[in-house]
Amino acid sequence: MSWINVLRTDRVLSVVRAERIPDAADLCHALAAGGIRTVELTFTTPGVLDHIRSCADAVARAGIVLGVGTVLTAEQAAAAIDAGARFLVTPGIRPDVAAVAVGRSVPVFLGAFTPTEVSTAVDLGSHAVKIFPAGAVGPKYLSDLHGPYPDVELLPSGGINPGNARAYLDAGALAVCAGTGVVPPDRVAAGDWTEITTRATAFVSALTL
C-alpha cells in the first residue's frame, strides 16, 4: 500500500487534536512542508468528517495521506471511509471498527497496550498496532513486545517528543506519533501554518540524530 510506504519513509505520523481547524488542506500542506506526510485528524475535532471531505482527494494528489483517529464505532468507521479517510486509528481494541475497515480494505491501527491486546489486535486484522500510552512505559517496552511478536509492526503514541522519538524507532517502531508538540491546538486553531511547519521540521530532524 503506497500510504504505508510514505509512513515507512517519514517514520512519523502527526495526530491533530484541535477544537478548530480553519483549513485542513493548509494544515496538511504545512505538515508536509516540514516532512510529515501522514496526518491523522480525530473525531474529537468538531466537524472532522467535513474536514476530510473537503481535502482528502486534493492532499492525496500532493502525496499526503489523511486518515481519521479516535474511531470508536462501526458507524464512525464507515462514515470516515465514505468521507475519504485513507486509514483509521482507534485508542483501544474496537472489533466493530476493525470489521468495517477490513471489510472495505482500509488499513486500521487498533490501539493496544498489553501483550494480550496486541495479539487481539493482530487477530482482528490491525495493519499495525498502536501502542498507547507509550509514554507510560518508554521505548524498551517496544523491544520487549517484539520478543514474542517479532513480526508485528508497532506504532507508539502518547508522550512522544523530539527528545525520545529516535529511541522508539531504535526500539523497532514502524513510526512514531507526533502530537501536540508539533500541532499545538492553539496554533492549529489560529492557522499558524509557519509555526506548524517549523515544529514538524524540528521533529523530523530529531529522528535522524
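Two strands pair if DSSP finds at least two bridges between them. The model shown in these close-ups is predicted.

**View A. Strand 1 and its neighbour strand 2.** Strand 1 and strand 2 (residues 38-42) run parallel, joined by three bridges. One contact to pick out involves valine 15: its bridge partner in strand 2 is glutamate 40. Between these two strands the chain passes through helix 2 (residues 24-33). The resulting β-α-β crossover is right-handed.

**View B. Strand 1 and its neighbour strand 8.** Strand 8 covers residues 176-178. Strand 8 is also parallel to strand 1, and three bridges join the two. Valine 12 has valine 176 of strand 8 as its bridge partner.

**View C. Side chains of strand 1.** Strand 1 spans residues 12-16 and is mostly covered. Five of its five residues are buried, with under 20% relative accessible area as the cut-off. Val12, Ser14 and Val16 point one way from the strand. Leu13 and Val15 point the other way. Residues on both sides are buried.

**View D. The largest pocket.** The volume of the largest pocket is about 270 Å³. Its lining holds 14 residues. Closest to the pocket centre are Val15, Arg17, Ser157, Gly158 and Gly179. Val15 thus links two views: this residue is bridged to glutamate 40 of strand 2 and is among those closest to the centre of the largest pocket.

**View E. Chemistry of the pocket lining.** Six residues lining the largest pocket are nonpolar. Five are polar and three are charged.

How values were computed: Residues numbered from 1 in each chain as written. Predicted model: local features only at pLDDT ≥ 70, side-chain atom pairs only at ≥ 80, totals over all residues. Heavy atoms only, no water. Buried < 20%, exposed > 50% of the residue type's maximum accessible area, 1.4 Å probe, protein only. Helix = DSSP H or I, 4+ residues; strand = E, 2+ residues; numbered from the N terminus. Right-handed = clockwise from strand over helix to strand, strands pointing away. 1 Å grid on protein atoms, 1.4 Å probe; cavity = no way out; pocket = protein on both sides within 12 Å on 5 of 7 lines; lining within 4 Å. Points joined across faces, edges and corners; volume = space filled by probe spheres on them. Nonpolar A, V, L, I, M, F, W, Y, C, P; charged D, E, K, R; others polar.
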